[in-house]
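I opened the notebook to look up a few local features of this structure, beginning with a single residue and ending with how far the coordinates can be trusted.

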Amino acid sequence: MTLPPDFFVVGGRSDSSRAAVAAFTAVKLGQRAMLRSSADTVFLLAGAIEHVGSVGTTNRRIDASGMLHEALDARIVLAAQDDDEVDPTLPGKFTRSLVGVIARGFVESSVAATGSEAEPNPPIACDANVLFLSEDDFIGEHDAWSTARPAQNIALSMGPRGGIRLWWRGAWSAVAEDAGARRGSDSPAIAVLAAAFLVRLTETRDAVTASRFAAAATTLLPHTPSLSYKDIPDRDAIPQ
């Protein structure tokens with residue numbers, strides 16, 4: 001196996017986690033993916049999974065210690081968690097990568113840890129190039145979020161009311177508002193959205209094109225509480 005991976009995903013504890021769904025999506029889009037969960041590090045290829053190493057416990061928080069050196073050179077990095085598996089400072093270690101964060105899990109972790117009301121943006125957002133949000137991830141409207149984080153260059157928001165919206169170049173715009181794009185805040189579809197957007201962004205360098213591609217991938221998904229590898233469309237099935 002040649003390292004580093006194209007797409008490195010951090011987070012989760014099982015093959016139904018948002019992190020695992022994102023890794024599956026990357027593979028469906030032709031990427032050599034690596035998944036670092038709180039228990040294992042695995043390589044994923046189309047039709048094969050190679051176990052790289054066990055962390056030794058399912059309760060360990062994922063930080064930079066023990067991280068495979070080659071993973072730090074991944075072209076794309078996505079942090080996503082279901083509980084509190086990922087150290088909020090970890091994305092800042094990937095200085096040579098396009099870094100995305102599915103923010104919802106980090107907001108929930110922050111609230112659980114402090115017992116206080118969540119801020120409009122989780123601290124981990126400082127180290128992300130792209131944020132992926134659900135409508136319930138933050139306090140207030142989209143405009144309030146953008147005012148609080150004007151330096152954040154790209155964000156995608158998904159929800160049951162607004163569908164998918166893109167924040168780019170200082171403004172929000174609607175990307176997809178049909179029924180297929182309207183997903184609840186717990187939907188694993190946000191992981192497909194995130195992975196597809198990051199892959200397409202590296203190919204096109206255009207956030208609008210990437211967001212439309214990601215939205216198209218999302219609308220092909222079934223409305224289910226969990227997604228398997230077979231539920232995720234291949235690249236050829238996604239309108240470009």
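Before the first entry I noted the scale for accessibility: buried means under 20% relative accessible area, exposed means over 50%, and partly exposed covers what lies in between.

Entry one, on A64. I was working with a predicted model, and I found A64 in the loop between β4 (48-54) and β5 (76-79). Its relative accessibility is 35%, so I entered A64 as partly exposed. Leaving aside residues up to four places away in sequence, I saw that A64 touches L90 and K93. I also looked up D87, which is 23 residues from A64 in sequence, with 8.5 Å between the two C-alpha atoms.

Entry two, on a helix pair. I looked up how α4 (residues 189-204) packs with α5 (residues 207-219), and I noted an angle of about 145° with the axes 8 Å apart. The crossing of α4 past α5 is right-handed. On the α4 side I listed contact residues including V192, L193, F197 and R200, and on the α5 side I listed others, among them T209, A210, F213 and A214. Sorted by class, this contact has 12 nonpolar, 4 polar and 1 charged residues.

Entry three, on confidence. The protein chain averages a pLDDT of 79, and 74% of the residues score at least 70. Over residues 110-124, however, the pLDDT is below 50, although the model gives this stretch 21 contacts beyond near neighbours in sequence. Residues 139-145 also stay under 50, with 16 contacts beyond four places in sequence. I added a caution that where pLDDT is low, the predicted coordinates should not be read in detail.

Technical notes: Residues numbered from 1 in each chain as written. Predicted model: local features only at pLDDT ≥ 70, side-chain atom pairs only at ≥ 80, totals over all residues. Heavy atoms only, no water. pLDDT = per-residue confidence, 0-100. Contact = heavy atoms within 4.5 Å. Axes fitted to C-alpha atoms, helices over the stretch in contact; angles between N-to-C directions. Helix = DSSP H or I, 4+ residues; strand = E, 2+ residues; numbered from the N terminus. Left-handed = near helix turned anticlockwise from the far one by under 90°. Nonpolar A, V, L, I, M, F, W, Y, C, P; charged D, E, K, R; others polar. Buried < 20%, exposed > 50% of the residue type's maximum accessible area, 1.4 Å probe, protein only.
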